[in-house]
Amino acid sequence: MSNSVLPANLPNSVLPHSVGVLGGGRMGAGIAHAFLIKGAHVVVVERDEASAEAARERVESAAAKSIERGAADGNLDEIVSRFSVGVDYNDFRDRGLVIEAVPEDWDVKVTALRGIEERLAADAFLASNTSSLSVNGLARELSRPQNFLGLHFFNPVPASTLIEVVLGEQTAGHLAEAARGWVEALGKTAVVVNDAPGFASSRLGVAIALEAMRMVEEGVASAADIDNAMVLGYKHPTGPLRTTDIVGLDVRLGIAEYLQSTLGERFAPPQILRDKVARGELGRKSGKGFFDWTD
């Protein structure tokens, strides 16, 4: 890894001054919130005005809760003064780092990443929050692959202490080094991996979740009992099926299908997962998945 001097706008162990996030859903808003409460100036870009305002509400509400819990210094007015939303990729022109947090779809991500990169300064950095897609493959679609890496945040971002830093073959050494510093500055822990299908976390997490689904499908035990076995027996904070509900069954299905195509049939999605997604049982966001979330 290179020990060369870092670009002036991204010193090691210090957050970038100006950060952009493409996508203001639950994950994108969580990423924006993480940087915002640690002192960065953050802009979130969404597809339309209604979505942008919804993102504003998510981030500002999360910031207020962080202040109430003592997890953020300063007052809400000062924090939100460093936050803005928009609907134009040109809002990223002055950003030192932009993180893409759009749906886990190859074509959508490539289009988004290219659109961002076209607006960025030559020394700015670009990251994808992909949980499974190839960072090397995405990098090959860009003009400056040395300025690109994966920053895989976990849901919910405020409560999670982990960020998976995914290095592509062409990721610059100083960017990899800086990314570790950013994670530390966010108060989280970095797990650094070289690009591979599913990285480390998604590959392991999905493998456990798919087996848990098969057990429900085969009538081995209820979803609640399977989860309790992992929580009480293996000290997982949340069982694999409840985690699937939180992540989204549609998201898990997409990851499983990608891993099946790259790693083989051991990652084939069980029929119970396909059926639930077809019925719109997507987990917490739809009110029902393996558990009922309507209460």
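This passage describes the sheet of a predicted model and two of the helices that accompany it.

The sheet is open and is built from eight strands, which follow one another in the order β3-β2-β1-β4-β5-β6-β7-β8. Its pairing is mixed. Strands of a sheet pair through backbone hydrogen bonds, in either a parallel or an antiparallel manner. At the two edges stand β3, comprising residues 83-86, and β8, comprising residues 189-194, each of which pairs on one side only. From one strand to the next, the twist averages 25°. Within this arrangement, strand β1 (residues 18-22) and strand β2 (residues 41-45) run parallel and are joined by five bridges. One of the residues involved is S18, whose bridge partner in β2 is H41.

Helix α6, formed by residues 173-185, lies across several strands of the sheet, namely β4 (97-100), β5 (125-128), β6 (148-153), β7 (162-167) and β8. Relative to β6, helix α6 runs at about 20°.

A further helix, α11, spans residues 271-278, and its buried residues are I272, L273 and K276. These residues lie on the same side of α11 because the arc they cover around the axis is only 100°. An α-helix has 3.6 residues a turn, so residues three or four places apart point the same way. The elements that cover the buried residues of α11 include α7 (201-217) and α10 (249-263). Just after α11, the backbone at G280 adopts a positive phi of about 85°.

How values were computed. Residues are numbered from 1 along each chain as its sequence is written. This is a predicted model: local features need pLDDT of at least 70, side-chain atom pairs count only at pLDDT 80 or more; totals for chains, interfaces and linings use all residues. Side-chain values use heavy atoms; hydrogens and water are left out. Two strands pair if DSSP finds at least two bridges between them. Helices (H or I, at least four residues) and strands (E, at least two) are DSSP runs, numbered from the N terminus. Axes are lines fitted to C-alpha atoms, for helices over the stretch in contact, and angles run from 0 to 180 degrees between N-to-C directions. Contact means heavy atoms within 4.5 Å. Buried means under 20% relative accessible area, exposed over 50%, partly exposed in between (1.4 Å probe, protein chains only). The arc is that of the directions from the helix axis to the C-beta atoms.
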